[in-house]
Amino acid sequence: MTDFRDDGAAALDWAARYLERVPELPVLAQVRPGELSARLPAAPPEQGEPFAAVLRDLDEVLLPALTNWQHPRFFAYFAVTASTPGILGELLAATLNQVAILWRASPASTELELRVVDWVRQLLGLPDGWHGHIEDTASTSTLAALVAARYATGRNVVVCSEHAHSSVAKGARMLGMELRTVPADAELRMRTDGYDLDDAACVVATVGTTSFASVDPVRALAERAHAAGAWLHVDAAYAGTSWICEEERWSADGVELADSLVVNPHKWLLVPMDCSLVWTARPEEWREAFTLTPEYLRTADDAYSLADYGPALGRRFRSLKLWAVLRCYGAEGLRAIVREHVRLAELFAGWVAQSEDWELVAPQRFSLVVFRRRGTDEENERLLERVNATGEIFLSHTRLGGRYALRLAIGNERTTEDDVRRAWELLEQEARR
Ligand SMILES: Cc1ncc(COP(=O)(O)O)c(C=O)c1O
């Protein structure tokens with residue numbers, strides 16, 4: 001068993017040391033599939049062990065099998081940060097173990113959640129009066145939006161761009177809805193013409209697509225969707241955070257017309273996994289689509305339950321970590337980090353654009369650069385494997401029109417100009433080999 005104070009102090013010390021030494025660890029796990037499984041006992045322990053044994057094995061057994069998302073040279077997918085106030089918020093949320101199935105089960109969780117989600121709404125410049133709550137991931141938030149859209153429209157078709165995140169297709173598939181993908185234009189934005197929306201339940205527009213961070217024309221899509229009686233859902237899971245900076249609000253044009261919107265603080269707002277915010281301008285219909293109260297949960301004072309707004313009944317106290325982050329950084333602190341990430345991405349994109357050996361594959365947006373070495377797909381693929389194998393940096397890839405492209409995404413609080421410069425040096429060095 002544990003001694004909570006002593007083991008807790010040791011765990012916190014482990015966490016602090018990890019954050020200090022993570023820049024020296026390989027970014028990408030340097031293990032082969034199954035290597036860790038071979039080291040884990042096949043059966044659970046019969047007798048309890050001291051917590052110190054868990055910490056020891058975390059170091060000796062698990063650490064080599066970690067891909068270190070907290071590493072300042074993690075540039076793959078969308079890079080993220082679990083900031084220290086967010087980590088401590090998680091610790092406290094686990095300690096309190098609120099299971100917010102209805103208001104009386106946790107007035108604090110319910111009311112804090114509504115308040116901090118509304119704080120973020122204000123910080124992002126979104127309309128007054130929207131109802132927002134927290135889901136685990138954008139996949140769930142979008143799934144919930146599709147449920148609401150189908151309920152509100154009585155239709156069964158989902159329309160999105162060819163570059164929309166796979167969670168849209170997955171949500172449609174789970175719900176037995178028909179998915180129609182629409183081609184994008186030269187700037188990778190969803191086309192607004194050449195297709196019909198007469199039977200559409202939901203049009204999904206993306207601000208900050210996963211592969212390219214491109215921005216769909218939300219205003220035109222919203223107007224078309226609404227004229228056809230469809231619901232407009234906006235997926236700004238990654239890029240929505242940038243709206244805390246006035247100069248990035250160009251990409252929010254038309255978002256005020258959305259019926260629902262998802263933004264993930266666990267992507268670019270320094271909150272540890274998981275924390276996805278979803279707002280709706282049509283809270284009544286949204287709630288009707290989900291509400292279902294069994295007898296054992298009926299009480300006189302429970303006028304309000306956030307479980308009425310999504311798939312899950314038991315809800316974690318996720319707002320605590322978001323509250324901690326918003327309070328400890330303040331809007332100013334958060335803006336400074338987002339601005340620095342955008343600056344670093346612009347710097348890197350500049351190096352790519354100035355070099356004859358490299359090219360930008362998509363216009364640089366937010367904190368993402370999509371690029372490739374001039375040459376074959378195979379050369380780029382091998383280059384990515386080689387740089388990732390160094391353990392010094394970790395980038396990911398995508399394809400545009402079948403062509404292989406590299407993605408460098410900046411999202412870690414500790415990433416500096418030196419880290420980005422090192423990534424460029426390594427890419428150049430490995431490419432010249
Ligand atoms: C634009 C976009 N939407 C949705 C998602 C899915 O996010 P989650 O992992 O929170 O489900 C991602 C993931 O990267 C994304 O980039």
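In strand S6 of this predicted model, leucine 261 serves as the bridge partner of valine 234. The neighbouring register is easy to follow, with aspartate 235 bridged to valine 262 of S6. Both bridges belong to the pairing of strand S5 (residues 231-235) with strand S6 (residues 260-263), which is parallel and runs over 3 bridges. S6 also pairs with S7, here in the antiparallel sense and through 4 bridges. Within that second pairing, valine 263 finds its bridge partner in leucine 277 of S7. As a reminder, the strands of a sheet pair through backbone hydrogen bonds, and the sense may be parallel or antiparallel.

The side chains of S6 are worth a look as well. In a regular strand, side chains alternate between the two faces of the sheet. Along S6, Ser260 and Val262 point one way, Leu261 and Val263 point the other way, and all of them are buried.

Stepping back from S6, the sheet is an open one of 7 strands, ordered S1-S7-S6-S5-S4-S2-S3, with mixed pairing. Its edges are strand S1 (131-135) and strand S3 (178-182); each has a single partner strand, so one side of each lacks a neighbour in the sheet. From one strand to the next, the twist averages 20°. Helix H10 (residues 283-290) lies across S1, S5, S6 and strand S7 (276-280), and its direction makes an angle of about 115° with S7.

Aromatic contacts provide a second theme. The count of aromatic pairs comes to 18. One of them joins tyrosine 238 and phenylalanine 366 in an edge-to-face arrangement, with 6.1 Å centre to centre and 85° between the planes. Tyrosine 238 sits in the loop between S5 and S6, whereas phenylalanine 366 sits in the loop between strand S8 (358-360) and strand S9 (368-373), so this pair ties together parts lying 128 residues apart in sequence. Tyrosine 238 and phenylalanine 366 are both buried. They also belong to one aromatic cluster, formed by Phe78, Tyr238, Trp250, Trp268 and Phe366.

Another loop brings distant parts of the chain into view. Serine 211 is found between strand S4 (200-206) and helix H8 (218-227). Its relative accessibility is 22%, and because the cut-off for a buried residue is under 20%, serine 211 counts as partly exposed. Apart from neighbours within four places in sequence, serine 211 has contacts with Leu368, Val370, Thr398 and Arg407. The C-alpha atoms of serine 211 and alanine 164 are separated by 9.0 Å, although these residues are 47 positions apart along the chain.

For the protein as a whole, 13 helices and 11 strands are assigned. Among contacts with a separation of 6 or more, 73% are between residues 24 or more positions apart. The radius of gyration is 23 Å, which agrees with the value near 22 Å for a compact globule of 433 residues. Along the principal axes, the C-alpha atoms fill a box of roughly 60 × 60 × 45 Å. Of the 433 residues, 50% count as buried. The exposed area comes to about 19,500 Å², of which carbon and sulfur atoms supply 52%.

Notes:
Residues numbered from 1 in each chain as written. Predicted model: local features only at pLDDT ≥ 70, side-chain atom pairs only at ≥ 80, totals over all residues. Heavy atoms only, no water. Pairing = 2+ DSSP bridges. Helix = DSSP H or I, 4+ residues; strand = E, 2+ residues; numbered from the N terminus. Axes fitted to C-alpha atoms, helices over the stretch in contact; angles between N-to-C directions. Contact = heavy atoms within 4.5 Å. Buried < 20%, exposed > 50% of the residue type's maximum accessible area, 1.4 Å probe, protein only. Rg over C-alpha atoms; globule rule 2.2 N^0.38 Å. Areas by Shrake-Rupley, 256 points an atom, 1.4 Å probe, with all protein chains shown as cover. Phe/Tyr/Trp six-rings, centres within 6.5 Å; stacked < 30°, edge-to-face > 60°.
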